[in-house]
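Here are a few exercises to work through with the structure open beside you. Try each task before reading its solution.

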Amino acid sequence: MNSYKFRRLALWLGVAALLAALLACATSTTATPTIPVSEPINTPTTAGGDNIPPTTVPTVPENTQTATPVPIVHTLIPGEPPASALSEITDRNSSTLASEHRANGGDSFTTNLYERSFNANTMDTYFQDLDIIRTRLSHDDQWVYVNISLVGQNPAGGLPEDYGIEVDLNVDGRGDVLLMASKPGPKWLTDGVRVWVDNNHDVGGTHPIQSDPPASTDGYETLIFDQGIGSDSDAAWARISPTDPNSVQVAFKRSLINDDEKFTWGAWAMNDSMLNPAWFDYNDHFTAADAGSPLVELTQFYPIKALAEVDNTCRWAVGFTPTGNEPGICPVPPTPTPVLPGTISGIVFDNGINGGLVFGPASMRISGANVRARSGGCGSPGSVVTTATTNASGFYSLTVPAGTYCVDVSPSPRPTDHETGPQSATVTNGGSVGDVNFGYYAYLGIR
Ligand SMILES: [Ca+2]
Ligand SMILES: [Ca+2]
Ligand SMILES: [Ca+2]
Ligand SMILES: [Ca+2]
């Protein structure tokens with residue numbers, strides 16, 4: 001081998017070695033962490049019309065300076081929501097009046113409540129996949145699950161709109177966390193799921209829930225979770241319910257709301273064009289005239305205009321019983337007064353000969369006497385409600401619901417010629433009437 005050939009061989013060997021080293025280097029820097037997941041994550045799905053590209057974290061491997069997208073790795077995927085709900089909300093179904101181009105109630109612009117599953121201005125297109133009828137929230141140790149049921153799927157199939165919830169952690173009416181999922185697919189995915197918070201506490205403007213436009217606020221200004229990108233890549237997910245094609249399910253980690261156990265929440269469904277976190281509350285961003293109304297009786301505002309293709313629910317409580325005064329809370333049904341038993345009590349006694357009918361220290365107590373309460377006053381008593389037998393101290397106690405009763409001792413325990421007659425007693429709910437005593441004595445003397 002002459003020196004030229006030797007130099008060329010050496011050059012080729014050097015280039016080959018360099019290439020091998022570069023290859024080894026690139027392979028090692030693009031290896032993804034090997035935390036196992038039980039199913040494919042963050043792959044685009046064709047079901048439900050999902051056209052969201054896979055979420056990637058751009059990284060630049062050392063030495064190569066070539067951007068290699070690395071799929072987000074998930075370590076924890078939501079499971080199945082617990083069977084029992086902690087909190088449920090029903091919402092108006094507007095399909096019944098959709099042919100009349102109007103909502104079935106349930107819309108109150110002034111209090112941030114919308115029932116607008118229609119197109120703007122004409123309201124001649126009704127969107128059943130934007131019409132919430134029921135929502136339920138449950139949680140386990142790790143996750144909060146919300147199921148949002150719509151009237152039906154999109155005519156083209158699936159639920160290709162934006163669905164989510166708003167959480168008011170301190171129950172002041174000012175929403176604190178907004179989670180929205182766009183075009184959920186059949187499996188739990190973080191794709192399309194975003195979470196915003198309101199760090200400067202101006203959602204709802206001066207008066208949360210109440211309308212006070214024009215808004216000079218930024219609403220939910222901070223995006224803390226963007227389709228798997230955030231401090232916790234597993235924080236929030238969505239899917240179409242595997243058991244109900246008309247329901248969207250969202251799941252988020254309880255840590256996302258600081259493991260708060262007392263809050264209010266409500267659900268939203270809207271067209272993507274209407275979702276703007278800076279617009280919360282929508283009745284601050286729009287004026288009533290601009291927004292319009294889906295209620296034909298509000299002739300000044302009907303039909304819906306700028307604020308269209310939106311449905312939401314009133315809010316309900318988790319972890320406490322609402323009083324009805326919480327801002328945005330659903331109507332609280334009046335609590336029926338609990339029915340509490342009351343009592344009528346007294347002593348049955350014998351005052352001997354000429355002893356009168358007043359109970360005193362010398363009275364002899366009669367045990368085993370049968371005391372009864374009949375319904376109504378003694379003017380015209382009704383049937384026997386309850387009876388009691390006097391104890392060794394002559395004492396009796398009748399347990400009765402609130403009402404007026406005629407109380408007497410029957411049969412008479414003493415064959416005497418003087419006795420206390422039947423007595424009327426009125427008992428309030430849970431109240432007690434005492435000293436309804438019955439005495440006996442025999443009269444001896446000149447009549
Ligand atoms: Ca509805
Ligand atoms: Ca709040
Ligand atoms: Ca407001
Ligand atoms: Ca804000």
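**Exercise 1: Strand β19 and its neighbours**

In this predicted model, A373 stands opposite V407 in β22.

Task: Find how many bridges join β19 to strand β22, and in which sense the two pair.

Solution. Begin at A373 and look across to V407 in β22. Now follow both strands: β22 covers residues 403–409, and its pairing with β19 is antiparallel, over 5 bridges.

Task: Which residue in β20 is the bridge partner of R372?

Solution. Step across from R372 into β20 and you arrive at T387. Strand β19, residues 370–375, runs antiparallel to β20, and 5 bridges join them.

**Exercise 2: Placing those strands in a sheet**

Task: In what order do the 4 strands of this open sheet lie?

Solution. First put β19 between its two partners, β20 and β22. Then add β24, which gives the order β20-β19-β22-β24, with antiparallel pairing. Next, check the ends: β20 (384–389) and β24 (423–427) are the edge strands, each pairing on one side only. Finally, look at the twist, which averages 30° from one strand to the next.

**Exercise 3: A sheet of 5 strands**

Task: Which strands stand at the edges of the sheet containing β6 and β13, and why is one side of each left without a neighbour?

Solution. Write down the order first: β3-β5-β6-β13-β12, an open sheet with antiparallel pairing. The edges are β3 (87–90) and β12 (236–240); each has a single partner strand, so one side of each has no neighbour in the sheet. From one strand to the next, the twist averages 15°.

Task: How many bridges pair β6 with β13?

Solution. Locate β6 at residues 143–150 and β13 at residues 247–253; the two pair in the antiparallel sense over 7 bridges. To find your place in this pair, look for S149, which stands opposite S247 in β13.

**Exercise 4: How far to trust the coordinates**

Task: Where is the pLDDT below 50?

Solution. Start with the whole chain: its average pLDDT is 87, and 84% of the residues score at least 70. Then pick out residues 1–6, where the pLDDT is below 50 and the model has 1 contact beyond near neighbours in sequence. Residues 13–64 are also below 50, and that stretch has 79 contacts beyond near neighbours in sequence. Predicted coordinates should not be read in detail where pLDDT is low.

Technical notes. Residues are numbered from 1 along each chain as its sequence is written. Chains are lettered from A and ligands numbered from 1 in the order in which they are written. This is a predicted model: local features need pLDDT of at least 70, side-chain atom pairs count only at pLDDT 80 or more; totals for chains, interfaces and linings use all residues. Two strands pair if DSSP finds at least two bridges between them. Axes are lines fitted to C-alpha atoms, for helices over the stretch in contact, and angles run from 0 to 180 degrees between N-to-C directions. pLDDT is the predictor's confidence in each residue, from 0 to 100. Two residues are in contact if their C-beta atoms, placed from the backbone, lie within 7 Å.
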